[in-house]
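Here is a structure to read for the first time. Look it over, then work through the exchange below.

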Amino acid sequence: MTISAERQTAIAGELRHVDKWYGDHRVLTNVSVRVDRGEIVALIGRSGSGKSTVLRVLAGLSPDHTGERAVSGAPALAFQEPRLFPWRDVRTNVVYGLTRSRLPRSEAQTRADRALADVGLADRAEVWPLTLSGGQAQRVSLARALVAEPELLLLDEPFGALDALTRLSMRGLLLDLWREHGFGVLLVTHDVDEAVALADRVLVLEAGRVVHTRTIDEPRRSPNAERYRAELLDKLGVRI
Amino acid sequence: MLLGVWQLGSALGLLPQDVLPAPSLIVEAGIDLVENGQLADALRVSGIRVVEGLLLGGFFGVVLGTAVGLSRWFEATVDPPMQMIRALPHLGLIPLFILWFGIGELPKVLLVALGVSFPLYLNTFSAVRQVDPKLFETAQVLGFSFWQRFRTIILPSAAPQVLVGVRQSLAIAWLTLIVAEQINADKGIGFLINNARDFLRIDIIIFGLIVYALLGIGTDAIVRALERRALRYRS
């Protein structure tokens with residue numbers, strides 16, 4: 001079932017009253033999530049609370065559910081691991097993000113190079129993914145997700161496997177890209193700091209139910225906080 | 001060093017020449033066979049048998065292994081009979097193959113094909129099964145077609161282990177050929193060796209064995225080069 005067209009104008013992705021079962025085990029109960037364009041929504045919860053399942057349902061990877069799902073275009077998805085194809089060079093991996101667009105090869109490669117430049121890896125287009133650091137590989141994964149200019153970006157613990165400093169520069173990169181392109185983001189994380197630092201709205205999921213919603217009214221854009229953070233992080237050698 | 005001791009032992013009469021001829025005599029026999037064209041003929045005939053057998057058996061091994069690796073239905077229907085046939089020693093089928101297919105090229109090629117299909121089947125099966133399911137999920141997100149999944153995930157991911165199967169298959173192919181050519185053949189390296197036995201030409205027999213060994217090493221080196229290429233992204 002889908003949600004009627006006129007309600008979708010600003011919506012990047014939405015679930016309404018979704019229930020999901022794995023066999024006899026109920027993993028989601030009446031979950032409603034809405035992500036507008038230009039909005040970052042964080043979904044936090046303990047392990048096993050069902051937050052990754054919400055993301056999979058929204059991504060269309062888990063079609064067996066009740067309730068309604070609406071997504072504008074094909075959502076892009078980045079995982080905790082970069083999941084690059086190790087036997088293809090970095091540029092080709094990003095080109096795979098354009099599979100649905102059916103562009104001619106040269107056009108796809110031009111756009112892939114632009115996406116790589118956006119994440120600061122223009123000079124690594126021709127190397128094997130296994131030669132990249134964890135943070136670089138995750139940036140390639142982000143470039144692959146964003147190269148097709150999706151309206152909804154789904155992130156599943158995208159920075160969870162990175163060291164603390166790399167994680168901070170990835171947050172900065174994500175915000176830069178988000179400001180530039182204006183897609184909607186659903187960020188699944190168990191890191192409360194990350195949720196508060198990035199999101200407009202934070203949903204708390206517990207045992208498959210949304211139990212709390214917090215609007216962050218003093219978000220990342222507070223000029224002083226960001227300046228001090230930037231200054232200290234600059235001293236640490238982290239670019240944000 | 002070993003060759004020097006061998007040559008010296010022959011020259012001093014310590015090694016009887018009708019049991020183990022001197023290396024120099026074996027080299028001379030080899031040069032004769034090269035010059036009169038017998039070696040080239042034999043190599044061509046034996047080479048064609050191995051290549052045809054490898055292609056035929058390899059095709060069935062890889063296709064069935066891929067199908068069984070990708071589909072539980074194929075696993076349930078194809079794998080049990082394959083395991084039963086695999087339990088048969090394929091060299092023991094020579095008498096049956098002669099009765100069924102005569103003494104021409106066909107039984108030899110089929111025997112090689114049967115021998116090589118199992119290592120390729122087993123290695124392909126397990127290689128396809130071991131492809132990282134997360135990559136399939138990623139492919140689903142990206143919207144890959146079946147053909148793109150096959151080319152971009154299954155093939156490169158399975159290639160190294162399939163090539164291990166090719167190396168095992170090559171060893172079996174040469175072994176099968178040697179046995180098949182000893183028993184009934186009027187051409188090929190095995191025939192050369194068998195014929196030499198009738199004339200007590202131990203030098204030719206040993207030379208023929210060396211040719212078999214070199215062929216085995218040479219073809220293995222080719223496959224190892226392919227393996228390095230398939231894995232170049234790991235360097």
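The questions and answers that follow concern a predicted model.

Q: In chain A, which helix has the lowest confidence?
A: The mean pLDDT of chain A is 84, and 87% of its residues reach 70 or more. Helix α2 (residues 90-95) of chain A has the highest confidence, at 94. The lowest confidence, a mean of 60, belongs to helix α7 (residues 223-235) of chain A.

Q: Over which residues of chain A does pLDDT stay under 50?
A: Where pLDDT is low, the predicted coordinates should not be read in detail. For the stretch in question the model has 10 contacts beyond four places in sequence. The stretch where pLDDT stays under 50 is residues 1-8 of chain A.

Q: How far apart do the C-alpha centres of domain 1 of chain A and domain 2 of chain A lie?
A: The domain assignment of chain A gives domain 1 as 9-73 + 173-221 and domain 2 as 76-149. Between the C-alpha centres of these two domains of chain A, the distance is 24 Å.

Q: Which helix gives the most to the side of domain 1 of chain A that touches domain 2 of chain A?
A: In this contact, 4 residues of domain 1 of chain A meet 6 residues of domain 2 of chain A. The residues on the domain 1 side divide into 3 nonpolar, 1 polar and no charged. With 3 residues, the element that gives the most to that side is helix α5 (residues 164-181) of chain A.

Q: Which are the edge strands of the open sheet β2-β1-β4 of chain A?
A: This open sheet has 3 strands, and their pairing is antiparallel. From one strand to the next, the twist averages 15°. An edge strand pairs on one side only, and here these are β2 (25-36) and β4 (66-71) of chain A.

Q: How many bridges join strand β1 (residues 11-22) of chain A to β2(A)?
A: The two strands run antiparallel. Among the facing residues, A:Glu14 has A:Arg34 as its bridge partner, A:Leu15 stands opposite A:Val33, and A:Tyr22 stands opposite A:His25. The number of bridges joining β1(A) to β2(A) is 8.

Q: Which residue takes a positive phi in the hairpin of β1(A) and β2(A)?
A: The hairpin has 2 residues between the strands. The positive phi lies near 65°, and the residue that takes it is A:Gly23.

Q: Which residue in β4(A) stands opposite A:Arg16?
A: Strands of a sheet pair through backbone hydrogen bonds, either parallel or antiparallel. β1(A) and β4(A) run antiparallel and are joined by 5 bridges. Opposite A:Arg16 in β4(A) stands A:Glu68.

Q: At about what angle does helix α1 (residues 51-59) of chain A run to β1(A)?
A: Helix α1 of chain A lies across β1, β2 and β4 of chain A. Relative to β1(A), the helix runs at about 120°.

Q: Which are the edge strands of the open sheet β5-β6-β7-β3-β8-β9 of chain A?
A: There are 6 strands in this open sheet of chain A, and their pairing is mixed. Neighbouring strands are turned by 20° against each other on average, direction ignored. Each edge strand pairs on one side only, and the two are β5 (76-78) and β9 (209-215) of chain A.

Q: Which residue in β6(A) stands opposite A:Ala76?
A: β5(A) and strand β6 (residues 152-156) of chain A run parallel, joined by 3 bridges. The residue of β6(A) opposite A:Ala76 is A:Leu153.

Q: How many nonpolar residues are on the side of chain A that touches chain B?
A: The contact takes 14 residues from chain A and 13 residues from chain B. On the chain A side, 2 residues are polar and 2 are charged. The nonpolar residues of that side number 10.

Q: Is α3(B) parallel or oblique to α9(B)?
A: The axes of helix α3 (residues 38-70) of chain B and helix α9 (residues 189-198) of chain B come within 7 Å and cross at roughly 130°. That crossing angle makes α3(B), relative to α9(B), oblique.

Q: Which residues of α9(B) make the contact with α3(B)?
A: From α3(B), the contact takes B:Gln38, B:Ala42, B:Leu43 and B:Ser46. The residues of the contact divide into 5 nonpolar, 2 polar and no charged. From α9(B), the residues are B:Ile189, B:Phe191 and B:Leu192.

Notes
Residues numbered from 1 in each chain as written. Chains lettered and ligands numbered in written order. Predicted model: local features only at pLDDT ≥ 70, side-chain atom pairs only at ≥ 80, totals over all residues. Domains from an automatic or database assignment. Contact = placed C-beta atoms within 7 Å. Helix = DSSP H or I, 4+ residues; strand = E, 2+ residues; numbered from the N terminus. Nonpolar A, V, L, I, M, F, W, Y, C, P; charged D, E, K, R; others polar. Axes fitted to C-alpha atoms, helices over the stretch in contact; angles between N-to-C directions. Parallel < 35°, antiparallel > 145°, perpendicular 65-115°, else oblique. Pairing = 2+ DSSP bridges. pLDDT = per-residue confidence, 0-100.
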